[in-house]
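Please open the structure in your viewer and keep the sequence panel beside it. This tour suggests what to select at each stop and says what is found there.

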Amino acid sequence: MPFEEKTTWVSVAVGSVVAAAYVAAVLPQLGDTPTADIAYQRPLVIAAIATIVLTVIGSIVMAVASAIGAEIRQPGSGEDVGRTDERDALISRRGDVVGYYVASAGALLALVITMLELDYFWIASTLYLSFAVAGLASGLVKLRAYRRGF
Amino acid sequence: MVRPTRVTNRIRALRFAAGEMTQAELADRVGTTRQTIIAIEQGRYSPSLEVAFRIAHALGVSLDEVFAYPEQ
C-alpha cells in the first residue's frame with residue numbers, strides 16, 4: 001500500500017471518529033436544552049485540536065511502522081517509504097477538488113442558516129461538520145482512486 | 001472491475017525479458033513508487049508521457065513496444 005494511501009486512511013479514520021465524538025457530545029443536549037444554551041464551544045475546540053493532533057501522531061506512527069516493516073521485509077528499503085510520485089499527486093488533487101466542493105456547499109448552508117438567524121450552535125456545528133465531511137469525502141475519493149484506479 | 005484506461009502494456013513480459021527485473025527495480029529506475037508500477041501493469045493507471053518514456057528506456061525498448069492503444 002502506498003504511503004500516501006496509508007496516511008489517507010489515518011485522516012479518514014481520525015476525521016470520522018472525532019466528528020462522531022462531537023455529535024455524541026452535543027446531540028444529547030438537543031432534546032432538553034434550548035439550542036442557545038447548548039455548550040458546544042468546548043467540544044468543538046477539542047474536536048478541532050484533536051483532529052490535527054491525532055492525524056499528525058497517526059501519520060508519524062504509520063511512517064515509523066511502515067519503515068520498520070519495509071526494513072524487516074527487505075533491508076535498505078525503509079528509506080523509500082515516504083516516496084511519492086505523479087500518481088500520488090494526481091490522486092491528491094482529485095480528492096482535494098471534491099473536498100473543496102463539499103466544504104463550499106457546507107459554507108453556503110451555514111450562510112443560509114445565518115440569514116435565517118438561527119442560534120450560533122447551528123452555524124458553528126454546520127461549519128465544523130462541513131469541514132469534517134469535506135475531509136471525509138476527499139479521503140474516500142483518494143482511497144477509491146488508489147484501490148480501483150482512474 | 002471496469003478498467004479505467006484503454007491503454008494496454010507489456011511491462012510484465014518485458015521485465016522478465018530484461019533479466020527478470022523486479023517491480024521495485026523498475027520503480028527505482030523510473031523514479032516512481034512500486035505501487036505505481038503495479039497499478040500501470042494492471043491497467044489501473046495510465047502514466048504521463050514522461051514516465052511512459054522512462055519505463056521504455058529502463059526496459060531498453062521503444063515506447064510502442066511497451067504501450068498500445070486500441071484503434072476502436
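The stops below go from the whole chains to single helices, residues and cores, and the model throughout is a predicted one.

**Stop 1: chain A as a whole**

Select chain A and colour it by secondary structure: the chain has 4 helices and 0 strands, and read along the sequence it follows the pattern α-α-α-α. Its radius of gyration is 19 Å, well over the 15 Å that the globule rule gives for 150 residues, so chain A is more spread out than a compact globule. If you turn the chain along its principal axes, its C-alpha atoms fill a box of roughly 60 × 30 × 20 Å. Of the 150 residues of this chain, 26% count as buried, and among its contacts with a separation of 6 or more, 74% are between residues 24 or more positions apart.

**Stop 2: helix α1 of chain A**

Now select residues 3-32 of chain A, which form helix α1. With 30 residues at 1.5 Å a residue, this helix should span 44 Å, and its end C-alpha atoms are 46 Å apart, which agrees. Follow α1(A) along to A:Val26, where there is a kink of about 25°, shortly before the proline A:Pro28.

Which residues of α1(A) are buried? They are A:Phe3, A:Glu4, A:Thr7, A:Thr8, A:Val10, A:Val14, A:Gly15, A:Val18, A:Tyr22 and A:Val26, so A:Val26 is both the place of the kink and a member of the buried set. An α-helix has 3.6 residues a turn, so residues three or four places apart point the same way. To see what the buried residues of α1(A) pack against, add α2 (41-73), α3 (86-115) and α4 (120-148) of chain A to the selection.

**Stop 3: A:Ala89**

Within helix α3 of chain A, pick out A:Ala89. Is A:Ala89 buried or exposed? Because 11 other C-beta atoms lie within 10 Å, A:Ala89 counts as exposed. From here, draw a distance to A:Glu4, which is one of the buried residues of α1(A): the two residues are 85 apart in sequence, and from C-alpha to C-alpha they are 9.4 Å apart in space.

**Stop 4: chain B as a whole**

Move to chain B, where there are 5 helices and 2 strands, arranged along the sequence in the pattern β-α-α-α-α-α-β. The radius of gyration of chain B is 11 Å, close to the 11 Å that the globule rule gives for 72 residues, so this chain is as compact as a globular protein of that length. Its C-alpha atoms fill a box of roughly 35 × 25 × 20 Å along the principal axes, and buried residues make up 32% of the 72 residues.

**Stop 5: the nonpolar cores**

Show the side chains of B:Leu26, B:Val30, B:Ile40, B:Ile55, B:Ala58 and B:Val66, which have the most contacts inside the largest nonpolar core, a group of 14 residues. The elements that give two or more residues to this core are α2 (23-30), α3 (34-41) and α4 (49-59) of chain B, and the largest share, 4 residues, comes from α4(B). Centre the view on B:Val30, which touches B:Val51, B:Arg54, B:Ile55 and B:Ala58, leaving out residues up to four places away in sequence. Another core, of 11 residues, lies apart from the largest one, and among its members are A:Val18, A:Val26, A:Ala47 and A:Ala132.

**Stop 6: where the chains meet**

Finally, show both chains together and look for the place where 8 residues of chain A are in contact with 12 residues of chain B. On the side of chain A that touches chain B, the residues divide into 2 nonpolar, 1 polar and 5 charged.

Definitions and conventions. Residues numbered from 1 in each chain as written. Chains lettered and ligands numbered in written order. Predicted model: local features only at pLDDT ≥ 70, side-chain atom pairs only at ≥ 80, totals over all residues. Contact = placed C-beta atoms within 7 Å. Nonpolar A, V, L, I, M, F, W, Y, C, P; charged D, E, K, R; others polar. Expected span 1.5 Å × (residues − 1). Bend = angle between axes of the 7 residues up to and from the residue. Buried ≥ 20, exposed ≤ 12 C-beta atoms within 10 Å, placed from the backbone. Core = buried A, V, L, I, M, F, W, Y, C linked by C-beta atoms within 7 Å. Rg over C-alpha atoms; globule rule 2.2 N^0.38 Å.
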